[in-house]
Amino acid sequence: RDATDFCERLARFAPDKPRPPLALDLALGEFQITGRLDRLTATNLLRFRCARIKAADLLAVWIEHLAWNALRPAGHSLTSAVVARDATWRDRRCSI
């Protein structure tokens, strides 16, 4: 039953097809952040695991959420979500 509940909650956050990864290249003062953001949909930057949510999951998605909001790509809602077996975390667009 846990897996079924997890899949149902995950489906609410991934209603459409994944979008292509976005290149990340941000200059922040003396620092340069490069990489890519993947597992994007039109409605979310989405992370998931069929296990208990951990602090590391929240920290990782928060860093990606800040980078994604700094990029402000057109056509995305700039909302981030983590769906786990025991919890769902969601954050909306922020002002950077």
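1. Partly exposed means a relative accessible area between the buried limit, under 20%, and the exposed limit, over 50%. Aspartate 86, at 35% relative accessibility, is therefore partly exposed. That class recurs in the points below.

2. The model is predicted. Its mean pLDDT over the chain is 86. Of the residues, 96% score at least 70. Among the elements, β2 has the highest mean pLDDT, at 92. The lowest mean belongs to β5, at 85. Where pLDDT is low, the predicted coordinates should not be read in detail.

3. How many salt bridges does a search of the whole structure find? The search returns 6. The next points take up some of the pairs.

4. Start with aspartate 86. Its side chain meets that of arginine 52 in a salt bridge, with N to O at 3.9 Å. This pair links distant parts of the chain, 34 residues apart. Aspartate 86 sits in the loop between β4 (80-84) and β5 (88-91). Arginine 52 sits in the loop between β3 (45-49) and α2 (55-71). The two partners fall in separate accessibility classes: arginine 52 is exposed, at 54%, and aspartate 86 is partly exposed, at 35%. The cut-off for a salt bridge is 4 Å, so the 3.9 Å pair counts.

5. Next, aspartate 38. Its side chain forms a salt bridge with arginine 36, at 3.8 Å from N to O. A salt bridge also joins aspartate 38 to arginine 39, again with N to O at 3.8 Å. Aspartate 38 is partly exposed, with a relative accessible area of 23%. Arginine 36 counts as exposed, at 55%. Arginine 39 is partly exposed, at 41%.

6. These pairs belong to a wider set. A network of salt bridges links Arg36, Asp38, Arg39, Arg47 and Glu64. Anyone assigning charges here should view the five residues as linked.

7. Arginine 39 deserves a look at its backbone too. Its phi is positive, about 55°, although the residue is not a glycine. Where does arginine 39 lie? It is in the loop between β2 and β3. Its relative accessibility is 41%, so it counts as partly exposed.

8. Now the largest pocket. It holds about 150 Å³ of space. Its lining has 14 residues, and the closest to the pocket centre are Leu24, Leu26, Ile33, Ile63 and Ala67. Three elements, β1 (22-28), β2 (31-37) and α2, each supply at least two lining residues. By class, the lining has 10 nonpolar residues, 2 polar and 2 charged.

9. Why does the search of the whole structure find 0 disulfides? Take cysteine 7. Its sulfur is 6.6 Å from the closest cysteine sulfur, in cysteine 50, which is too far for a bond. From the other side, the closest cysteine sulfur to that of cysteine 50 is in cysteine 7, at 6.6 Å. A disulfide needs the sulfur atoms within 2.5 Å, so this pair does not qualify. Cysteine 50 is partly exposed, at 44% relative accessibility.

Conventions:
Residues numbered from 1 in each chain as written. Predicted model: local features only at pLDDT ≥ 70, side-chain atom pairs only at ≥ 80, totals over all residues. Heavy atoms only, no water. Buried < 20%, exposed > 50% of the residue type's maximum accessible area, 1.4 Å probe, protein only. Helix = DSSP H or I, 4+ residues; strand = E, 2+ residues; numbered from the N terminus. 1 Å grid on protein atoms, 1.4 Å probe; cavity = no way out; pocket = protein on both sides within 12 Å on 5 of 7 lines; lining within 4 Å. Points joined across faces, edges and corners; volume = space filled by probe spheres on them. Nonpolar A, V, L, I, M, F, W, Y, C, P; charged D, E, K, R; others polar. pLDDT = per-residue confidence, 0-100.
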